[in-house]
Amino acid sequence: MNRTITRQLPYLINKNVYESKVVEGTIIMPDISGFSRFVETTDVETGKLITSKLLNAIIKSNVLDLQISEIEGDAVLFFKYGKRISANDILHQFCLMKEVFNQEVKFLEEEFQLNIDLSLKLIAHYGPLAQYNIGKFEKLYGQTVIEAHQLLKNSVNSNTYVLLSDALLDSEENSELKKLNKFVENTICEVYDDIKKICYTFFDFENDLCKKCIA
């Protein structure tokens, strides 16, 4: 006798999880430079503690009311729905994050008697974003998220910089910024995964540009 066996799924699928609307928004991703080398040369327990304190310092210095999508090892994926955040606001936000980050590095160097060769960089991008839920977690989804991660693989020859995509800079608020001659030479277009060309402008902060930005 043939019997049909019905397998019970271990969970119920909530259709609302998949009914997400697409909304324009800004992605801001501060990322720790030198992290791979740091992990290789630091014992696990010390490395975990230092990393958690540095990421926490970045998160606490958020003054743009950004939401967190996820923490990815050495980076925090912030986002904010709505109109583009101005380049000026992002540069000021980075300067604050950089200051707090560097202060925490100095404190940890004294606490652990280590030379912590880490610095901070930041990627900002704009475009359509969607969300999906996994349990209590909300994660971002879409091409804009992929492009933001691709921009981390840029050719900027610096460990401390802010990179703003053209998609972010393409607004009236940032029109004057793009006209400034001193930034023209820092505008680059690169092809990622042999598919899409993404253009961006970067600001090199290795020479403490924050003093000029905040002034």
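**Exercise 1. Decide where N186 sits: is N186 buried or exposed?**

*Solution.* Start with the accessibility: N186 has a relative accessibility of 17%. Next, recall the cut-offs: buried means under 20% relative accessible area, exposed over 50%, and partly exposed in between, with a 1.4 Å probe and protein chains only. N186 therefore counts as buried. Now place N186 in the chain: it belongs to the loop between α7 and β7. Helices (H or I, at least four residues) and strands (E, at least two) are DSSP runs, numbered from the N terminus. Finally, look for partners: leaving aside neighbours within four places in sequence, N186 is in contact (heavy atoms within 4.5 Å) with Y200, T201 and F202.

A word on what you are looking at: this is a predicted model, in which local features need pLDDT of at least 70 and side-chain atom pairs count only at pLDDT 80 or more, while totals for chains, interfaces and linings use all residues. Residues are numbered from 1 along each chain as its sequence is written, and side-chain values use heavy atoms, with hydrogens and water left out.

**Exercise 2. Find the disulfide and describe its two ends.**

*Solution.* First, the term: a disulfide is a pair of cysteine sulfur atoms within 2.5 Å. A search of the whole structure turns up one. The partners are C189 and C199, with 1.9 Å from S to S. They link distant parts of the chain, ten residues apart: C189 lies in strand β7 (residues 187-192) and C199 in strand β8 (residues 196-204). Then check the twist: the link of C189 and C199 is right-handed, with 105 degrees about the S-S bond. Last, compare the ends: C189 is partly exposed at 42% relative accessible area, whereas C199 is buried at 16%.

**Exercise 3. Classify the aromatic pair of F35 and F38.**

*Solution.* Begin with the rule: rings of Phe, Tyr and Trp (its six-membered ring) pair if their centres lie within 6.5 Å; planes under 30 degrees apart count as stacked, over 60 as edge-to-face and the rest as tilted. The structure holds four aromatic pairs. In one of them, F35 and F38 are 6.3 Å apart centre to centre, with 35 degrees between the planes, and the pair is tilted. Both residues lie in helix α1 (residues 35-41), three residues apart, about one turn of the helix. As for burial, F35 is buried at 16% relative accessibility, and F38 is buried too, at 8%.

**Exercise 4. Which phi value does Q113 have, and where is Q113 found?**

*Solution.* Most residues other than glycine have a negative phi. Q113 is not a glycine, yet its phi is positive, near 55 degrees. Q113 is in the loop between α3 (87-112) and β4 (119-134), and at 68% relative accessibility it counts as exposed. Now try D65: its phi is positive as well, about 60 degrees, although D65 is not a glycine. D65 sits in the loop between α2 (44-60) and β2 (67-71) and is exposed, with a relative accessible area of 60%.

**Exercise 5. Judge how confident the prediction is.**

*Solution.* pLDDT is the predictor's confidence in each residue, from 0 to 100. The protein averages 85, and 80% of the residues score at least 70. Among the elements, strand β1 (residues 23-33) has the highest mean pLDDT, 97, and helix α7 (residues 181-184) the lowest, 51. Over residues 4-15 pLDDT stays under 50. Where pLDDT is low, the predicted coordinates should not be read in detail.
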